[in-house]
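Subject: A structure for you to look at

Hi,

Here is the structure I promised to pass on, with my notes underneath. Have it open while you read, and hunt for each residue as it comes up.

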Amino acid sequence: MYKEVQEARRLNRLGQTGRHIILPSTYKGSPRNMIQLYGDAMAIVRDLSRPHFFLTMTCNTQWEEIQSALPPGRQAHHCPWISVRVFAQKFKCLCDDVLKNGVLGKVIGYTWVIELIPKTGVTTRTHVDNT
């Protein structure tokens, strides 16, 4: 049994109602998943040193690709899937440029985070180490 569950059981903090389910680290967005991803990122830093580049990409709902895909009379916040799809395509192009085409030099390690931030859109942070 997980040590956190044992501790909660010892302190009688599990509660009496419902069914308690422990999510595995493979469940996207779960606390265990976030801890595992953080550990993986820190392992990259430990083995390859700190990143030399920190890239931030933010989705702009005024991009032509988003505006032209919107149904008449709709705004981007009415159809968030359009923004997400356009962002994913542009992010893939950025990754191709940096990782495959080497626009920032040879990449020996990388990691990224994609966040959905309410009212501001989608943001990604990419760490690239190219020593």
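**How far to trust it**

The protein chain has an average pLDDT of 83, and 84% of the residues score at least 70; pLDDT is the predictor's confidence in each residue, on a scale from 0 to 100. This is a predicted model, so to speak of local features we need pLDDT of at least 70, side-chain atom pairs count only at pLDDT 80 or more, and totals for chains, interfaces and linings use all residues. Residues are numbered from 1 along each chain as its sequence is written, and side-chain values use heavy atoms, with hydrogens and water left out.

Where is confidence lowest, and where is it highest? The low end is strand β3 (residues 121–129), with a mean of 55, and the high end is helix α3 (residues 64–69), at 95. Where pLDDT is low, the predicted coordinates should not be read in detail.

**The overall layout**

The protein chain has 4 helices and 3 strands. These are DSSP runs numbered from the N terminus: helices are H or I with at least four residues, strands are E with at least two. Going along the sequence, you'll meet them in the pattern α-α-β-α-α-β-β.

The chain has 131 residues, and 21% of them are buried. Buried means under 20% relative accessible area, exposed means over 50%, and partly exposed is in between (1.4 Å probe, protein chains only). The accessible surface of the chain is about 10,000 Å², and carbon and sulfur atoms account for 57% of that; the areas come from the Shrake-Rupley method with a 1.4 Å probe, and for residues only the protein chains shown count as cover.

Contact here means heavy atoms within 4.5 Å. Take the contacts between residues at least 6 apart in sequence: 47% of them join residues at least 24 apart.

**Inside: the core**

Which residues make up the largest nonpolar core? There are 12: M57, C59, W63, I66, L70, A76, C79, I82, V86, F87, F91 and C95. Such a core is a set of buried Ala, Val, Leu, Ile, Met, Phe, Trp, Tyr and Cys residues joined through side-chain atoms within 4.5 Å. Helix α4 gives the largest share of this core, 5 residues.

A few residues to click on:

- M57 sits in strand β1 (residues 53–58). It counts as buried because its relative accessible area is 12%. Its C-alpha atom is 9.0 Å from that of L94, although the two are 37 residues apart along the chain.
- C79, leaving aside neighbours within four places in sequence, is in contact with L70, P71 and R74.
- S83 belongs to helix α4 (residues 80–100). Is S83 buried or exposed? It is buried, because its relative accessibility is 8%. Apart from neighbours within four places in sequence, S83 is in contact with C59, T61, I66 and A76.

**Outside: a patch and some salt bridges**

L99, Y110, W112 and I114 form a nonpolar patch on the surface, and together they have about 360 Å² of accessible area. Patches are made of residues with over 30% relative accessible area and no salt bridge; like charges are joined within 9 Å, and nonpolar side chains (Val, Leu, Ile, Met, Phe, Trp, Tyr) within 5 Å. Strand β2 (residues 109–117) provides the largest share of the patch, 3 residues. Y110 is found in that strand, and counts as partly exposed because its relative accessibility is 37%.

How many salt bridges does a search of the whole structure find? It finds 4, where a salt bridge is a side-chain nitrogen of Lys or Arg within 4 Å of a carboxyl oxygen of Asp or Glu. One of them joins E65 and K90, at 3.4 Å from N to O. This pair links distant parts of the chain, with E65 in helix α3 and K90 in helix α4, 25 residues apart. E65 is partly exposed at 38%, and K90 is partly exposed at 27%.

K92 also forms a salt bridge with D96, with the closest N and O atoms 3.1 Å apart. D96 in turn pairs with K100 at 3.6 Å. Through shared partners, these salt bridges join K92, D96 and K100 into one network. K92 and D96 are about one helical turn from each other because they are 4 residues apart in helix α4.

**One oddity**

Have a look at S49, in the loop between α2 (31–48) and β1. Its phi is near 80 degrees, a positive value in a residue other than glycine.

Happy exploring!
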